[in-house]
Amino acid sequence: MLRVGVMVSGGGTNLQAILDAMEKGKLSNVEIAVVISNNPGAYALERARNHGIPAVSLSPKDFSVREAFEEALLEQVDSYHLDLIVLAGFLVKIPEKMVEKYEGRIINIHPSLIPSFCGVGYYGLKVHEAALTRGVKVTGATVHYVDSGMDTGPILLQKAVEVKEGDTPETLQKRVMEEAEWVILPEAIGWIADREAKG
Ligand code: GRF
């Protein structure tokens with residue numbers, strides 16, 4: 001059984017896609033052990049609670065210095081003995097020590113076809129604004145392993161989505177989430193779970 005921790009900052013629709021895939025039997029050998037957010041008001045925490053999953057919030061604002069937050073975050077993560085950490089819209093940079101300690105065991109979902117529209121400053125609607133400004137005809141989403149960079153780790157899965165005439169950043173974001181993110185994130189976790197089950 002793959003013990004998974006999901007780190008979130010917002011609405012949690014990617015978390016919901018994982019939970020739905022588990023419920024439909026499309027994702028097995030996975031247990032969501034904890035959902036952690038830097039934002040106590042994140043609706044993603046509500047989604048976790050609705051499923052009886054421990055929902056923990058830990059914000060840099062709760063600490064006088066960044067190092068204290070990073071230490072507390074790593075301690076919290078360690079306490080759940082996780083096999084995989086999934087960043088699903090987590091907007092806080094993962095501490096260096098945590099990236100090293102969990103190397104190869106942290107994945108992130110990004111709403112573009114990396115290497116396009118990624119890196120510092122590319123998050124949320126900004127990604128789709130940039131895609132529309134550039135005039136790309138195809139965009140999509142990427143699941144990648146997290147390394148010490150920003151959206152630079154090895155790519156695991158990608159799924160393309162057509163940009164339609166008249167798209168706004170909002171309509172494009174919705175299509176990328178529905179047609180790509182919510183498909184490849186559960187798929188990636190399932191792939192890792194199967195690989196772990198095979199030993
Ligand atoms: C998603 O668009 C994801 O690609 C990005 O942050 C957003 C999170 O949305 N990293 P949600 O909280 O899963 O609804």
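In this predicted model, a backbone N or O atom of Asn14 is placed 2.9 Å from an oxygen atom of the ligand. Gly11 also contributes through its backbone, with a polar atom 3.4 Å from a ligand oxygen. The side chain of Glu181 takes part as well: one of its N or O atoms lies 2.7 Å from an oxygen atom of the ligand. Of the 370 Å² of accessible area that the ligand has on its own, 87% is covered by the protein.

The ligand occupies the largest pocket. Two elements each give two or more residues to the surrounding shell, namely helix H1 (13–23) and helix H6 (169–198). The shell is made up of Gly10, Gly11, Gly12, Thr13, Asn14, Gly89, Ile109, Pro111, Met177 and Glu181. By residue class, six members of this shell are polar, three are nonpolar and one is charged.

Salt bridges were also examined. Side chains of opposite charge can pair when their charged atoms come close. Six salt bridges are present in the structure. One of them joins the side chains of Arg3 and Glu31, with an N to O distance of 3.5 Å. Arg3 belongs to strand S1 (residues 2–8) and Glu31 to strand S2 (residues 30–37), so this pair ties together parts that are 28 residues apart in sequence.

Methods
Residues numbered from 1 in each chain as written. Predicted model: local features only at pLDDT ≥ 70, side-chain atom pairs only at ≥ 80, totals over all residues. Heavy atoms only, no water. Near = heavy atom within 4 Å. Polar contact = N/O pair within 3.5 Å; in protein donor to acceptor, adjacent residues only side chain to side chain. Areas by Shrake-Rupley, 256 points an atom, 1.4 Å probe, with all protein chains shown as cover. 1 Å grid on protein atoms, 1.4 Å probe; cavity = no way out; pocket = protein on both sides within 12 Å on 5 of 7 lines; lining within 4 Å. Sits in = over half its atoms within 2 Å of the grid points. Helix = DSSP H or I, 4+ residues; strand = E, 2+ residues; numbered from the N terminus. Nonpolar A, V, L, I, M, F, W, Y, C, P; charged D, E, K, R; others polar. Salt bridge = Lys/Arg side-chain N within 4 Å of Asp/Glu carboxyl O.
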